[in-house]
Amino acid sequence: MTILPFFAAVVVLQFFYSLTVAEIKSLTISNDSRPVILLEKFGIIEIGHVTVSVSSVSVSSPSSSPIPDSSKLGFFVLSEESLPEVLLELQKNFSFCVLDSHYILHFFTFIDLSPPPRSQFNKSYPITSPNDYSLFFANCVPETRVSMNVRAEIYHNLDPNGSRDYLLAGSTQLPGLYLVFSLCYLSFLCFWFCFCWNNKQIVKRIHLLMTVLLLVKSLTLICAAMYKHYVKVTGTAHGWNIVFYIFHFITGPYTQDWVIWNQIFLLADITCCCAIVFAMVWSMCCLRETSETDGKAVKNLAKLPVFRKFYVLVIGYLFFTRIVVVVMKMKADFRSQWVSNASEEIATLAFYSLMFYMFRPMEKNEYNDVDGEEETA
């Protein structure tokens, strides 16, 4: 496998994935033959430090192949500004090893490893130039498989006393952001519960489901806030990542099938959005057709403007969160990546507020009101 297509795919997909956590990560890579492995994406504002430790390294290749050149396997950091130059080098020469590029920050290769059986190495590197960076492992030896344990630690020094911030540029505001929105949803939940309690005679099962939705959203944001806070202060999530991922499933970029799974998730997300739009358009067409055949033309036609408002709101929300937010993540400066998270949460809160207002318990609600004949049927 040539390195250019795989390297380009990894670089493109990282824009669709939130990788600016930069927590302390311990990874296990087993029998992996990928030419490039993305380990972390991070931003540096002032002075940052990257510490990479590897242990239990083993390299295997077919018996007919020569002994792998250890200088062709190693770690490097690539800035966003240098990415076009590296891609151009790979395009000109498909057999070019990215570790030989002059545009990368070279960390170390397997030549620096201690002798077997320990086969380990540990070194820290300062990064003084503000930019958006990615930490990679490169394997430029075809048909070679690598197994190793990797520990990556990336942080800012906040003060001379040694305080560290493991949430780097673009994401250090996320703990406070998620906490604020979790409080907003908890307040929303309390208000909604009181409103439903005062109108319990007309509360339907959909309103109970909406209550559960608010509760799950609140818990998700609380877990996300605690997760980001502990990562920011200590570099590890202290168990909050387990709780958080129960409510928010994700995959890591260092796993062997990460590129494929990201493509599957993106395709599934787009398919679901298209299915929602198709269902809304189809229901409006059916409503228009039945108005001409069931003798209730005036009543059914009167429902069209009502549902049209609902459909426009849903489509607008999907467009903003699935397209506008992604474009913001791709175009925004690495220092302002948190703005896309804030925009998405604001849009979601506004969407929830309007939906809950439209479908609130009422004696006669134009969105869920059913007449006697329809209810009997």
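Buried means under 20% relative accessible area, exposed over 50%, and partly exposed in between. With that in hand, welcome to a few close-ups of this predicted model.

**View 1. Two cysteines, C190 and C194, stay out of any disulfide.** C194 has a relative accessibility of 43%, so this residue counts as partly exposed. C190 is partly exposed too, because its relative accessible area is 48%. How far from the sulfur of C190 is the nearest cysteine sulfur? That neighbour belongs to C194 and is 6.7 Å away, while a disulfide needs the sulfur atoms within 2.5 Å.

**View 2. C97 and C140 form the one disulfide of the structure.** Their sulfur atoms are 2.2 Å apart. The torsion about this S-S bond is about 80°, so the disulfide is right-handed. The pair links distant parts of the chain, 43 residues apart: C97 lies in the loop between α2 (83–92) and β5 (105–109), and C140 in the loop between β7 (131–139) and β8 (145–157).

**View 3. Is each partner of the disulfide buried or partly exposed?** C97 is buried, because its relative accessibility is 5%. C140, at 21%, is partly exposed.

**View 4. Helix α3 runs from residue 174 to residue 198.** At 1.5 Å a residue, its 25 residues should span 36 Å, and the end C-alpha atoms are 36 Å apart, so the two values agree.

**View 5. Helix α3 has buried residues that pack against α4 (205–234) and α8 (338–358).** Among the buried residues of α3 are L174, Y178, F181, Y185, F188 and W192. Residues three or four places apart in an α-helix point the same way, because there are 3.6 residues a turn.

How values were computed:
Residues numbered from 1 in each chain as written. Predicted model: local features only at pLDDT ≥ 70, side-chain atom pairs only at ≥ 80, totals over all residues. Heavy atoms only, no water. Helix = DSSP H or I, 4+ residues; strand = E, 2+ residues; numbered from the N terminus. Expected span 1.5 Å × (residues − 1). Buried < 20%, exposed > 50% of the residue type's maximum accessible area, 1.4 Å probe, protein only. Contact = heavy atoms within 4.5 Å.
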